[in-house]
Amino acid sequence: MAVIFHEATKIFHLFNNEISYIMRIMENGQMENLYYGKAIRDQEDFGHMHEETMRSLMSVCVPEPGILSMQYTKQEYPVYGTGDYRSPAFTVVQENGSRIVNYIYVSHKIYKGKKEILPLPATYVEEEAEADSLEITLHDQVTDTDLILSYTIYTSVPVITRNARFVQAGPQTVILDRAMSASVEFLDMDFEMVHLAGAWSRERYVKNRKLEMGIQSIQNLAGTGSSSDHNPFLALKRPHTTESQGEVYGFSLVYSGNFLAQVEVSTFDLTRVMLGIHPEGFAWELKQGESFQTPEVVMVYSDKGLNKMSQVYHRLYRTRMMRGKWRDQVRPILLNNWEATYFDFNEEKILTIARKAKEAGVELFVLDDGWFGTRNDDYHGLGDWYVNRSKLPDGIDGLSKKVEEIGLKFGLWVELEMVNKDSDLYRAHPDWVIGAPNRFESHARHQFVLDFSRKEVVDYIYEMISKVIRESSISYIKWDMNRYMSEPYSKGTEPSKQGMVMHRYILGVYDLYTRLTTQFPDILFESCASGGARFDPAMLYFAPQTWTSDDTDAGERLKIQYGTSYVYPIVSIGSHVSAVPNHQLLRTTPIDTRANVAYFGTFGYELDLNLLSDSEMEKVKRQIAFMKQHRSLIQMEGDFYRLVSPFEGAGNETAWMVVSPDQSEAIAGFYQRLNKINASWLRLKLQGLCEDTLYEVSCNMEPAFDLDETLASVYGIQEEEEAVQVYQAYGAELMYAGIPINRTDLMIKGGDFASLLYIIKKIEK
């Protein structure tokens, strides 16, 4: 077992070959964290790791002559009011108004495998031998309430998952107005906090700050999504930790609603990390026999830098968070019509685009917004999930079959959680919209949020959209969500339970996802929320890929995809080649660079291929052929490495790569933002290769644009079939000396926003 309980010393040790997590039952019956980090040898007693001394103003929580104080103790699940003056992990409000509780150890259970925490999504195991789990039951005698702290340690990777559950056994009704999922404490503050922040079209930028005394936190209060502002993830790394070396602790919350991720440093340098549902607006009533389950936190430890942390998250979330048919399958190359047509389309226009897509080698056509109700703009029709016959006289069923006759699979866009007031749904059920009585209801994109905390609303939407799916031939669904929640109030919920609405809303989203993915298991779902405003692990449980950002500009996508890769697997990153000038920035970038960025994701197109030149169309065909050849390595098999950060230095270069598990093959992308004149030398140092293996390194040097004969002569550009640079080098050279990058090559590939794609293959002796 990877979980051991030492009865004599009352110490729990969770460990594998890479990590250790050690706790003990204190003399007051509460739980203390003694150590979390690199694996250490097990022994009977780790009690010497407990630090204790008498200090002025210290409140002692055991009878004299004891000196145990919660203020200076690394608590496992801290509570306010008994001598600890830092932020608590939970608060239980009792009928007499008191918030003072005392949860003490009662029992524990150690078992093989891992339990589900339904209706919440969570990581899982397929065989019991993959993980060991521990449940510690604590009890508060006055309220007669149980608190179950759950832990799972995976046996072969440095991963521990955490969650908490409250069970009300007694007759009184209690209110949880704070219930975090996990709390972890460190003895020092010598860390930097890394998190992912941004906004619409610049999601998940990497942010780094040194810890100081006090509270550093990120949060989401948007209600309907984990948000583009802050992702439900943070990491603590040592100041000298890099991508390839040093200690880092990752914390990822498996939740899609309001969250708080907080790091608090005490004036004695103790560092407390907590993640969970945001307590603002949260109040969960527990009556006798009822329970409340918190979301899961996934903790990853690495002593080999940030890349190792990310690779662990990638493998875990791809194989033990994603589920179903698409978990282990490469993604189809798709074409989405949104930026090609917006709302202005009919059946023939769609089929014309689809035919050209088939000619290029595309496998899936996706019909975006505008196919339903009276939807000709974003003012009307949202919520009326029946076909707009004026645009599509043969319906979705007819169109989907015609697209399949062309030789493509068919996909469909939906936005199931929203409604326009100019819609049949709103006219029939105005009370189904989230909004406070006698208050103005704020609008966004001319739409409003349906109250998914109410079962009847979820049932209605399920019946409407499942009818469309059943009657058609649909292989893919893009589930969008284009606004946050305002005036959070449910007209179908009694006043005393309004603090339960926002969490129940997310449970309603999970319920609808569960029903649809269960009834239609062959459909590939992609989550979307104005791009990446709901990119979180919980969504991957239902939809194994996410539209990463509405910003499709290749230059901006480098930052977005780079930051996203801190936690999320490459196969989950929705990435498209779009038209130029780009629809968000009006920037023109080479079509080679657009593809070289999009390769490191799901890959697809968002344009009308009929509008491309013949030479561009030939490039598209070669791009699609390349992706089909290499997508298994990129999406499913390879380890992803970040090489050069767009967030460091001048940010003019970005590089990353993916390496096969046997180190026999790799693909590396190098990207330049702005061209430089008479600039210094460049070397791209790779990672993850075998030092003693001889590799062939090749790079296609076909020009990004047509040059006249004079310029071609100046730069020595050869015919297309001779335009591949090839040389040989051992892995040690490629990693420690690097690939020399010729500035002229970057000029040939476009200059500004140029890119180079390197194919590295082992040479068999």
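Visitor: What makes the crossing of helix 6 and helix 7 right-handed?
Guide: The near helix is turned clockwise from the far one by less than a right angle; anticlockwise would be left-handed. The crossing of helix 6 and helix 7 is therefore right-handed. This is a predicted model, where local features need pLDDT of at least 70 and side-chain atom pairs count only at pLDDT 80 or more. Residues are numbered from 1 along each chain, and side-chain values use heavy atoms, without hydrogens and water.

Visitor: Why are helix 6 and helix 7 called roughly parallel?
Guide: The axes of helix 6 (residues 455-471) and helix 7 (residues 501-519) cross at roughly 25 degrees and come within 11 Å. Angles under 35 degrees count as roughly parallel. Helix 6 and helix 7 therefore qualify.

Visitor: How do you know which residues of helix 6 and helix 7 meet?
Guide: Contact means heavy atoms within 4.5 Å. Among the residues that meet are Val458, Ile461 and Ile465 in helix 6, and Leu512 and Leu516 in helix 7. By class, the contact has seven nonpolar, three polar and four charged residues.

Visitor: Why do strand 32 and strand 37 count as edges?
Guide: The open sheet of six strands runs 32-33-34-39-36-37, with antiparallel pairing. Strand 32 (639-644) and strand 37 (724-730) each have a single partner strand, so one side of each has no neighbour in the sheet.

Visitor: What makes strand 33 and strand 34 a pair?
Guide: Two strands pair if DSSP finds at least two bridges between them. Strand 33 (residues 653-659) and strand 34 (residues 665-672) have seven bridges, in the antiparallel sense. They therefore pair.

Definitions and conventions. Axes are lines fitted to C-alpha atoms, for helices over the stretch in contact, and angles run from 0 to 180 degrees between N-to-C directions. Helices (H or I, at least four residues) and strands (E, at least two) are DSSP runs, numbered from the N terminus. Angles under 35 degrees count as roughly parallel, over 145 as roughly antiparallel, 65 to 115 as roughly perpendicular and the rest as oblique. Ala, Val, Leu, Ile, Met, Phe, Trp, Tyr, Cys and Pro count as nonpolar, Asp, Glu, Lys and Arg as charged, and the others, Gly among them, as polar.
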